[in-house]
Amino acid sequence: MKLKPEYYLNEDVVGLAKDLLGKVLYTKIGDEITAGIIVETEAYFGIKDKASHAYGGRRTNRTETMYGAGGIAYVYLCYGMHHLFNVVTSIENDPHAVLIRGIEPLIGIEIIEERRNMPHTKGAISAGPGSAAKALGIDKAFNAKNLSGGDIWIEDHGVKYNEEDIAATPRVGIAYAKEHALLPWRFFLKGNKYVSKPNKV
């Protein structure tokens, strides 16, 4: 079942980042449908979060997508080579986002293997935000696409995890965010090989 548009309007981005674990992210490119179970996320709390692109109300051509109402894709290029996919959440002009950091290949596995040039049995195929996006064919063309449309969407397959199965740790690679770097806003499934490092609790 595809997530309803109102799901994304939730103003609790931290709770949403946790709730997205176990949901299934789909893309359709031409006739090719691929999908993966979301196993790792990070929450970004908009203008109050020193790690967010929108900290302090910053608005640029790149970040403008984040200011839309929740339920659209925010895709940007990192280090000039990796596309990273984020779910924009909350109401309009409240630029929250959830970075999808890892997916477990589920549908279109042969296509995913071709895109990543490795077998799906290797965790590296889709662990880490750049690898997860590449596995699903997500690039800049997906930026600002509606997550209720036919190109990219998220489904709820009824998977629920117990609290003890989910790790909450500081986010990765944001030392510049000072005291906000320590917030435990990265969530992942313990013991899942498609989670990026560090993956020990």
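# Exercises on a predicted model

The largest pocket has a volume of about 490 Å³, and the structure in which it is found is a predicted model.

## Exercise 1: the lining of the largest pocket

Task: Work out which residues line the largest pocket closest to its centre, and which element gives the most to this lining.

Solution. Begin at the centre of the pocket, where, out of 25 lining residues, the closest are Tyr-76, Cys-78, Leu-84, Leu-99 and Val-172. Next, turn to the elements: those that give two or more residues to the lining are β2, β3, β4 (82-89), β5 (96-107) and α3 (129-135). Among these, β3 gives the most, with four residues. Finally, sort the lining by residue type, which yields 15 nonpolar, seven polar and three charged residues.

## Exercise 2: the salt bridges

Task: Find how many salt bridges the model holds, and decide for Lys-23 and its partner whether each is buried, partly exposed or exposed.

Solution. As background, side chains of opposite charge can pair when their charged atoms come close. The count for this model comes to ten salt bridges. In one of them, Lys-23 pairs with Asp-19, and the closest N and O atoms are 3.3 Å apart. Lys-23 has a relative accessibility of 2% and therefore counts as buried, the limit for buried being under 20%. Asp-19, with a relative accessible area of 30%, is partly exposed.

Task: Determine where in the chain the partners of the salt bridge between Asp-49 and Arg-171 lie.

Solution. The side chains of Asp-49 and Arg-171 meet with an N to O distance of 2.6 Å. Asp-49 belongs to the loop between β2 (32-44) and β3 (73-78), while Arg-171 belongs to the loop between β7 (166-169) and β8 (186-189), so that this pair links distant parts of the chain, 122 residues apart. Asp-49 is buried, at a relative accessible area of 2%, and Arg-171 also counts as buried, at 5%.

A further salt bridge, 2.9 Å from N to O, is made by Glu-179 and Lys-50. Because Glu-179 lies in the loop between β7 and β8 and Lys-50 in the loop between β2 and β3, the pair ties together parts that are 129 residues apart in sequence. Glu-179 is partly exposed, with a relative accessible area of 47%, and Lys-50 is partly exposed as well, with 25%. Elsewhere, salt bridges that share partners join Glu-40, Glu-42, Arg-101 and Arg-186 into one network.

## Exercise 3: the nonpolar cores

Task: Identify which residues of the largest nonpolar core touch the most other members, and list what Ile-100 is in contact with.

Solution. The largest nonpolar core has 45 residues, and those touching the most other members are Leu-25, Phe-85, Val-87, Ile-100, Ile-138 and Ile-154. The element that gives the most to this core is β2, with five residues. Taking Ile-100 and leaving aside its neighbours within four places in sequence, we find contacts with Leu-25, Ile-38, Glu-40, Thr-41, Phe-85, Val-87, Pro-129 and Ala-132. A second, separate core has 16 residues, including Ala-51, Ala-54, Met-66 and Tyr-74.

## Exercise 4: the place of Phe-142

Task: Is Phe-142 buried or exposed, and in which loop is it found?

Solution. Phe-142 sits in the loop between α3 and β6 (152-155). Its relative accessible area is 6%, so Phe-142 is buried. Beyond its neighbours within four places in sequence, Phe-142 is in contact with Thr-27, Ile-29, Ala-73, Val-75, Gly-137, Asp-151 and Ile-152. As a last step, compare Phe-142 with Ile-174: the two are 32 residues apart in sequence and 24 Å apart in space, C-alpha to C-alpha.

Definitions and conventions. Residues numbered from 1 in each chain as written. Predicted model: local features only at pLDDT ≥ 70, side-chain atom pairs only at ≥ 80, totals over all residues. Heavy atoms only, no water. Salt bridge = Lys/Arg side-chain N within 4 Å of Asp/Glu carboxyl O. Buried < 20%, exposed > 50% of the residue type's maximum accessible area, 1.4 Å probe, protein only. 1 Å grid on protein atoms, 1.4 Å probe; cavity = no way out; pocket = protein on both sides within 12 Å on 5 of 7 lines; lining within 4 Å. Points joined across faces, edges and corners; volume = space filled by probe spheres on them. Nonpolar A, V, L, I, M, F, W, Y, C, P; charged D, E, K, R; others polar. Core = buried A, V, L, I, M, F, W, Y, C linked by side-chain atoms within 4.5 Å. Contact = heavy atoms within 4.5 Å.
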